[in-house]
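Reader: I am a first-year student, and I would like a close look at a single part of this protein. Please describe one residue and its surroundings with care, and then place it beside other parts.

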Amino acid sequence: MPRRIQTGDAPARSARSVALEKFKGVDLSSSVTNVAVQRSPDAPNMMPSADGFPVKRPGWRTRLQLQGCVHGAYRLEAGGSVHRLVHAGTNLYRVDTNEAGEETATPIYTDMANRPSAGVQLCEKLWLLDGKTYLVYDGACVRPVSEIATVPKVTIGKAPNGKNGATSYLPVNLLSGRRTDSFCGTEETKAETAYYLSFNALTDTAVTVRVLGANGEWTEKTEGTDFTVNRALGRVTFAAAPGKSPVDGEDNVQITYETANRADVVNQCRFCILYGVNGALDRIFIAGSPNAPNVDYWSEWRDPAYFGDVSYSALGKESSPIMGYSVLADALVTHKQGEENGRNAFVRRGELDEEGFAVFRITNVIQGEGAAAQRCFASLNSEPLFLTARGVYALTPGDVTGERYAQERSWYIASHLTRIAALSNACAVVWGCFYVLSAGGTLYLLDGAQKSYESKNPYSTYQYECYYWPGIRASCLWVQNGALRFGTEDGAVREFLPGDASGDYNDDGAPIAAHWCTPLLNLGVWSNVKTVDNVWIVGKPYTRSGGEIAFITNRDHERLGRSYNIDIFDWDDIDFNRFTFQTMDGPVVVPMRKKAKKIQTFQLKVGNERLNEPFGLLAIQINFKMGGFVKK
């Protein structure tokens, strides 16, 4: 028998809404349906504003065009002046700025290695390593450090026969074959004319001699007149015996000579850091030689022109090279590429021994990921960060044991980083509150001001929120006057603009494509179809802004909902095509009334690719109605 349907028997469709706000960074590691609603699986060229909302990054300008790949940039502050240098190709340029703010570059050294370099300032000089020649810049010229290398006094109290009474005083300087033996003439040796040096096989460089006279003055002696030299034996023979020292117990003969040097041990190193006893920044530690990959060397106190032949450490196996350094409180952490059992970070502390000599003893070996790149060590929020094959890691104090170990800090972008083939070419710098990493043609930003706990990585206490800027192939990064700069393989030096004006939002005149995508939302249930009736986006106000709103569903790949403008009236920027009486500098609600019917999933994309327009997002609201069950 037919059934009569009463009015009101049909189920009403329930109206619901979803609000997205308090946005964070991107999540490139989760599936698009697993991303938290505050994050985005796709947000190129976005960054956090001062209050944490996603905004379009500012553009960059080309400041210089040099010859060859840009490998590094350096700053020397000495004598009240600031000197800026840039290494590109095989040239080292001095960069000057005229009154108009334009920059010019002048080559001051033309024999650099065509590879990444490193440098530090100490004693009002800049010390540079490029794997070819250890160089020094004093504000006037660049030259090999071997030309000014310290000549050490290697022995004192030495008898003429070279055996009796000699006391080792200072180590040989690797940078120079020159060294001095200091002799003490006694009553027993006052007639001796033959003085034996500590080393033989002397070079043809002239030997210099000083003799202390009875009047207390040192007198220079001349080779060939006052003495002769047997270079093979290392013997100096005086025409007249220097005699007994006029001051009991004091040396009266100093002989300076030269043997073959070992400067290449230092010259072949490629990176460095400042560190010293008790954490003082008064010595240079260097490493990166391909001939001694697990060995590092350190200079004498406040003397980067002096690397003693005993001032080195061999850390771990030769098959695992040293990759770089971190300073952790008063300790120096030396990172390896990949040791057995993951013992990849050697902790040393500098102290003085009983005789007052500096020693750097290993106090701990940290297990963790090996470093993947030599130019990615930087400290963010006093936390040392470095790049590994699995992402960016940090050295942190353990919560319970107080021991130190490595924790991941880049979980949200780790899946992208692990797919980059040439991680060894990556470089990084700290810019404000960001750790900026250049890898695979993209800049990745880790935001030190935003930390989140990620349950999918329970062994790390927190993760930094992340952002990414694609299409920026930076060969090196640095910060100059607070601005982020980068060099390119074709010799360009570029600087990101402050973002204070609309004219800052282009890359050398090209528009910047930026957008923010929501995760793929099921709007609460998987079992029912939904109809999205209305969408509102809350835009960040600017004098000139706007964008396009599109949606992606299981039925539409990408469908444009509408374009919109957000403008504020400004007497200095009047465009009659977009004239507005709006003067309020506050959030602007933009509706999109285009419907998406009978869908299973919904994703919203809000973006801006317009020239010289900033763009920001404060919130999104989606209104929808629940429909019937999904049917095949």
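Author: A polar contact is a pair of N or O atoms within 3.5 Å; within protein, one of the two must be able to donate a hydrogen and the other to accept it. With that term in hand, we may turn to serine 460 in this predicted model. The side chain of serine 460 reaches the backbone nitrogen of glutamate 408 at 3.0 Å. Serine 460 itself is found in the loop between β36, residues 442–452, and β37, residues 463–470. Is this serine 460 buried or exposed? Its relative accessible area is 4%, and because buried means under 20%, serine 460 counts as buried. Leaving out residues up to four places away in sequence, serine 460 touches Gln407, Glu408, Arg409 and Tyr453. Glutamate 408 thus appears both among these contacts and as the partner in the polar contact.

A second serine may be set beside it. Serine 311 lies in the loop between β24 (295–298) and β25 (312–314). Serine 311 has a relative accessibility of 7%, and therefore counts as buried. Its side chain is joined to the side chain of glutamate 300 by a polar contact of 3.5 Å. Apart from neighbours within four places in sequence, serine 311 is in contact with Asp296, Tyr297, Trp298 and Glu300. From C-alpha to C-alpha, serine 311 and phenylalanine 285 are 9.8 Å apart in space, with their positions 26 residues apart in sequence.

We now turn to the cysteines. A disulfide is a covalent bond between the sulfur atoms of two cysteines. A search of the whole structure finds zero disulfides. Cysteine 427 is in no disulfide, and the nearest cysteine sulfur, that of cysteine 476, is 6.3 Å away. Cysteine 427 is buried, with a relative accessible area of 3%. Why does cysteine 517 form no bond with the closest cysteine sulfur? That sulfur, in cysteine 466, is 18 Å from the sulfur of cysteine 517, which is too far for a bond. Cysteine 517 is also buried, at a relative accessible area of 2%.

Finally, there is a sheet to consider. Four strands form an open sheet in the order β26-β27-β28-β29, with antiparallel pairing. Its edge strands, β26 (322–328) and β29 (358–367), each pair on one side only. From one strand to the next, the twist averages 25°. Strand β26 runs antiparallel to β27 (residues 331–336), and six bridges join the two. Glycine 324 has histidine 335, in β27, as its bridge partner.

How values were computed:
Residues are numbered from 1 along each chain as its sequence is written. This is a predicted model: local features need pLDDT of at least 70, side-chain atom pairs count only at pLDDT 80 or more; totals for chains, interfaces and linings use all residues. Side-chain values use heavy atoms; hydrogens and water are left out. Two strands pair if DSSP finds at least two bridges between them. Axes are lines fitted to C-alpha atoms, for helices over the stretch in contact, and angles run from 0 to 180 degrees between N-to-C directions. Buried means under 20% relative accessible area, exposed over 50%, partly exposed in between (1.4 Å probe, protein chains only). Contact means heavy atoms within 4.5 Å. A disulfide is a pair of cysteine sulfur atoms within 2.5 Å.
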